[in-house]
Every structure is written in structure tokens, then in C-alpha cells.
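Trainee: Please give me a close look at the side-chain pairings in this model and at the parts around them. I should like each term explained when it appears.

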Amino acid sequence: MIQHHASARYEQCIQRFSSLLIPGVLGVLCATSPIAMGQAGSDESLALKVQRLTEAMSQTQKRLDESQHELQQLRAQLAAVQQQIALSHTPVSDSSSVAQLSAAVEQIREQQALETTQIATHERSKVETESKYGLKLSGLVLFTGFVNTTQVDDPVTPTLVLEGPGTTGASLQQTVLGFDATGPHLFDARTHADARVDFDGASLSSGTTTSYTGGLLRLRTAHAALSWDHTEASFSLDHAIVAPNTPTSLTAVAVPALAWSGNLWTWNPQIGLTQDIAVASVQRIRLQAALIDVMNPPPIYGGAASSNSSNIVTPTTAELSRWPGAEGRVAILGNPEDSGLQLGLGGLFAPHRTSSGTRFNSWAGTMDYRIPLPGRAELSGSGYWGQALGGLGGGGFKDYVFVVNPVSPPGYSFRTLDAFGGWAQLKEPAGEHIEFNAAFGTDQVPASQLRPYTGNASAYYLNLARNRTYTGNVIYRPSAYLTFSLEYRHLQSSPVNDYTATGNIVGIATGYRF
């Protein structure tokens with residue numbers, strides 16, 4: 001309709017242009033013909049005729065210019081209408097269908113947004129907490145099998161070789177369960193907490209029955225922290241901050257790899273502060289300080305760690321001192337934090353008091369490192385030297401030794417033991433799913449300090465002067481949830497009054513992580 005109207009106006013303009021052009025031309029021709037000029041000679045002068053002719057031509061030219069301008073405008077309008085019609089793919093009569101389609105699309109979008117919100121709400125409500133803040137459950141269902149060629153202190157998690165027959169078996173007691181929680185912001189800091197438990201709380205072996213399929217629930221580690229951008233205040237149950245690294249193993253989880261062979265692994269209550277200071281775009285200095293309640297080492301004297309009444313819990317020697325221990329660490333860290341360069345130095349001091357009133361101190365100087373190597377390989381480890389480190393996982397399972405002379409004159413001799421050791425591990429990834437690990441660890445107390453206090457041959461922990469472990473494993477992760485491992489360990493346990501006992505251990509592990 002618009003195009004028809006523009007075409008009609010265009011035709012009217014052409015007709016108007018013709019009506020102006022034809023009379024004007026005919027007038028000029030008549031005025032200049034001989035007949036006309038002869039007749040006019042009797043009435044008017046030639047000059048007057050020329051003037052009139054000029055005026056008529058001027059008016060005709062003016063009208064022609066106006067008509068041509070209007071014609072150009074009409075042409076532009078007609079071209080615009082034609083372009084608008086060409087760009088429109090929907091007839092005017094289909095406008096109602098377009099409106100219906102738009103309404104349907106908008107309804108689908110609203111339905112999708114509602115379903116997305118419902119799904120997110122359902123995900124958050126899977127685990128509901130009283131505080132309504134986020135909580136994530138995780139764990140590792142771990143099946144381990146073992147072949148021990150000689151007798152060891154614990155068939156599932158061996159750390160010490162004894163004299164006796166070997167064992168073969170399987171277990172699920174190293175299965176780990178845990179949670180990670182996030183809370184509100186407090187003092188402009190993020191709050192978060194986590195805890196891990198396993199089933200290695202007690203051995204199920206007895207004099208007549210041996211079963212290693214499970215155990216009592218045991219709290220492994222726990223953390224709660226306030227985290228700012230470069231500062232963190234926390235309390236935890238974990239290994240000492242002076243020993244941050246742990247060797248890699250899937251068959252040694254309940255008791256970490258190289259425990260009592262150079263790895264200060266024990267989990268102790270601590271409260272501390274961490275401060276990171278940026279020194280370069282890829283490096284920073286980490287300062288750490290904490291108070292620590294050092295646990296007791298395993299009892300090496302019969303009844304020494306037990307009380308007279310089974311209903312009374314005997315306090316640790318650190319608790320009997322009534323003073324907490326203190327530890328600190330300074331480290332250089334690269335990026336990323338979990339695989340970059342790490343070089344650290346630490347120190348620890350903790351007072352102790354025995355139940356008989358004898359006071360002694362634990363102290364240690366430590367160093368730790370993680371060095372990235374070419375090809376994604378990595379060298380890591382730690383070392384220490386100190387005194388009375390049984391509560392941290394060193395010192396041959398003990399802090400001190402003593403002897404009582406029952407004959408006349410009676411006497412009592414007490415000796416705190418020095419300790420030194422460490423471990424190193426080489427990690428070599430072979431693609432995205434396989435990695436190889438080889439490690440060595442050693443822990444030792446001076447034989448000269450220990451020898452005057454040795455007991456009978458059955459006092460394995462009391463007589464132990466040196467413990468070493470060589471280990472290697474391959475770990476295969478076909479997915480983020482499944483893990484398989486094959487591991488070999490060679491243990492050497494050297495008592496101060498006997499020859500070195502050796503044993504070989506072959507372990508397999510299958511884990512499902514969730």
C-alpha cells in the first residue's frame with residue numbers, strides 16, 4: 001500500500017512536469033514565429049516583446065526547477081519504502097504469530113531459571129547444618145593388601161621389624177572420612193574448618209583371633225581458621241608446623257610413610273599464626289608460630305604409661321609440666337604453593353615432667369624442602385636434630401630412658417635421649433595418570449646414650465637405636481575417583497644390643513575417592 005501511494009505521487013509529478021514544459025515551449029515558439037512578430041509590430045515595440053518573452057521563460061524555468069526537486073524527493077521516498085519492504089521477512093498480517101512466539105520463548109526462559117534455582121537449592125540442602133553454611137563431605141574408601149616376609153609391629157601399618165614369622169592379609173581400616181565447612185566472615189576474614197577420621201583407633205588382633213578388616217574410629221586431623229589475604233590464625237590437630245612435608249603412599253595412610261624412620265608425623269594439638277610476605281611476583285616468605293601440646297610416645301616400659309586405676313586418664317608429660325611447647329618456622333615459598341619451590345627452617349621447644357617429678361625438655365632444629373626438577377619431577381624431604389623427640393615421631397619411639405638400682409645403695413638414673421634423622425623422596429610423574437615415587441628415611445639415637453639402659457631382648461622399642469625404611473611405589477589414577485597402587489618397602493631395625501633385623505613388605509591398594 002505504501003509502495004502504491006509513492007508510485008501514484010511519482011506519476012502525478014511527471015504529469016505536472018509535462019504540463020509545465022509543453023506550454024512553455026509552445027509559447028516560446030509562437031512568440032518567435034514570423035506571423036506573431038508581424039502582428040505585434042503594429043501594436044507593440046520589439047523591445048517590449050523581448051522583455052515579456054524573457055519573463056515567461058524565467059517563470060517556466062523556475063517551475064521546472066521546483067518540479068525536479070520534488071521529483072528527487074519522491075524518488076528517495078520510494079527507494080526507502082522498497083528497501084524497508086525487502087528487509088522485512090514477516091508479512092504484516094503475521095504480527096500476531098510473532099508476538100505468540102516471543103511469549104513462548106520468554107516462558108521457557110523463566111521455567112529454566114526456576115529449575116536452575118531449585119537444583120541449586122537441592123544441592124545445598126543435601127547436607128544441612130545448624131548454621132546453614134556450606135558443608136562438603138569427602139573420603140577415601142581404601143582397601144589394602146599386604147605380604148610381610150617377617151614379623152612386624154603391626155601387620156597393616158608396619159614400622160618396626162621383629163624376629164618371627166611373616167603375615168599376609170587385607171584391611172579396610174585405613175579408610176578415611178572427612179568434611180570441609182565454610183562459615184561467615186569474621187573481622188573481615190574467611191572462616192573455615194575441616195576434620196578427618198579413620199578406623200585405625202585400635203588393633204583387632206588378639207591372642208586367638210587375627211582380623212584386620214576394620215578398627216575403632218579415630219580422629220586423625222582437624223583444623224579451624226580465620227583467613228585473611230596474607231594472614232591466618234588457626235587451631236588444629238596436625239603434624240608440627242616444623243615438619244610440613246609427608247611422603248607419598250597409598251598403602252601407608254593410617255600411619256604415614258616413613259613414620260618412625262625420619263618422618264616427624266604425629267598429630268598434636270596446636271594454636272598458631274601464619275603470615276605471608278610477598279618478596280617477588282613468584283615468591284614469598286612465610287612466617288609461622290604456634291603453641292603445641294606434644295603427645296607422649298608409645299609406652300616402652302610395662303605399666304609406665306598406665307595409671308593405678310583404669311578409670312583415671314594419665315596426663316602426658318607435657319601436660320604435667322603445666323606449660324605449652326612453642327614452635328616456629330620461616331620458609332621461602334614459590335608458586336604454585338602445592339608444587340613450587342619450598343625451603344624452610346624451624347625450631348621447637350617443649351617442657352616435660354614425668355609422673356615421678358623429673359623434668360626434661362624436648363627441642364629440635366628442623367629443615368624442610370621441596371625442589372621442582374625438570375620434566376615435572378620433584379625432590380622433597382626434611383631433616384631434624386634434637387632431644388626427646390618421641391612425641392613427634394622420632395627418637396626411636398622414646399623421649400628418655402631410666403634405670404632403678406634395687407640393691408644397696410639404691411639409686412635412680414635418668415637420661416634424655418638425643419635424636420637425629422630425616423627423609424627424602426623423588427617423585428616422577430609419567431603422564432597424567434601414573435606417578436612413581438622412591439624414598440628413604442632414617443631415625444637414630446646415639447648408641448652410647450642408650451646402651452647403659454638396655455633391657456631384655458623382648459624390649460624392642462626400648463632397645464631400638466636406629467630404624468630405616470626404603471620404599472618405592474607406583475600410583476595409577478585412571479580418573480579423579482579411582483586410585484590403584486603397588487608398593488615395596490624394605491625395613492631395617494637395629495637394636496643396640498643385637499643384630500639388625502630386616503624385612504620386606506609388598507602392598508597393594510585400591511581406593512575410591514568421593
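Mentor: What follows takes the charged pairs, then the aromatic rings, then the nonpolar residues and some individual places.

This is a predicted model, in which local features need pLDDT of at least 70, side-chain atom pairs count only at pLDDT 80 or more, and totals for chains, interfaces and linings use all residues. Residues are numbered from 1 along each chain as its sequence is written, and side-chain values use heavy atoms, with hydrogens and water left out. The protein chain has an average pLDDT (the predictor's confidence in each residue, from 0 to 100) of 83, and 76% of the residues score at least 70. Over residues 204-213, however, the pLDDT is below 50. That stretch has 18 contacts (heavy atoms within 4.5 Å) in the model beyond near neighbours in sequence. Residues 303-309 also stay under 50, and for them the model has 5 contacts beyond four places in sequence.

Let us begin with charge. Side chains of opposite charge can pair when their charged atoms come close. The structure holds 10 salt bridges (a side-chain nitrogen of Lys or Arg within 4 Å of a carboxyl oxygen of Asp or Glu). One of them joins the side chains of Arg-329 and Asp-368, with 2.9 Å from N to O. Because Arg-329 belongs to strand S9 (residues 325-334) and Asp-368 to strand S11 (residues 359-372), the pair ties together parts that are 39 residues apart in sequence. Such strands, like the helices named below, are DSSP runs numbered from the N terminus (helices are H or I, at least four residues; strands are E, at least two). Are the two partners buried or exposed? Arg-329 is buried, at a relative accessible area of 5%, and Asp-368 is buried at 1%. Here buried means under 20% relative accessible area, exposed means over 50%, and partly exposed lies in between (1.4 Å probe, protein chains only).

Another salt bridge links Glu-435 with Lys-427 at 3.0 Å, N to O, and both residues are buried. In the bridge between Arg-489 and Glu-487, the closest N and O atoms are 3.4 Å apart. Arg-489 counts as buried at 10% relative accessibility, as does Glu-487 at 3%. Asp-198, Arg-218 and Arg-220, for their part, are linked in a network of salt bridges.

We turn now to the rings. The model has 11 aromatic pairs (rings of Phe, Tyr and Trp, the last by its six-membered ring, with centres within 6.5 Å; planes under 30 degrees apart are stacked, over 60 edge-to-face, and the rest tilted). Trp-363 and Trp-385 form an edge-to-face pair, at 5.2 Å centre to centre and 85° between the planes. Since Trp-363 lies in strand S11 and Trp-385 in strand S12 (residues 378-387), this pair ties together parts 22 residues apart in sequence. Trp-363 is partly exposed, with a relative accessible area of 29%. The rings of Phe-397 and Tyr-461 have centres 4.6 Å apart and planes at 65°, so this pair is edge-to-face. It links distant parts of the chain, with Phe-397 in the loop between S12 and strand S13 (400-405) and Tyr-461 in helix H7 (residues 460-463), 64 residues apart. Phe-397 is buried at 3% relative accessibility, whereas Tyr-461 is partly exposed at 25%. Both residues belong to one aromatic cluster with Trp-260, Trp-265 and Trp-267.

Next come the nonpolar residues. The largest nonpolar core (buried Ala, Val, Leu, Ile, Met, Phe, Trp, Tyr and Cys residues joined through side-chain atoms within 4.5 Å) has 26 residues. Ile-292, Leu-389, Leu-392, Val-401, Leu-450 and Leu-462 touch the most other members. Strand S8 (283-292) and strand S10 (342-353) are the elements that give two or more residues to this core. Leu-462 touches, among others, Ile-300, Val-401 and Leu-450, not counting residues up to four places away in sequence. A second, separate core of 10 residues includes Leu-160, Leu-162, Val-255 and Ala-259.

Two individual residues complete the account. Glu-432 sits in the loop between strand S15 (418-429) and strand S16 (434-444), and this residue is exposed, at 67% relative accessible area. Thr-191, in strand S4 (residues 190-198), is buried at 16%. The side chain of Thr-191 reaches the backbone oxygen of Pro-184 at 2.6 Å.

Terms used
A polar contact is a pair of N or O atoms within 3.5 Å; within protein, one must be able to donate a hydrogen and the other to accept it, and residues adjacent in sequence count only if both atoms are side-chain atoms.
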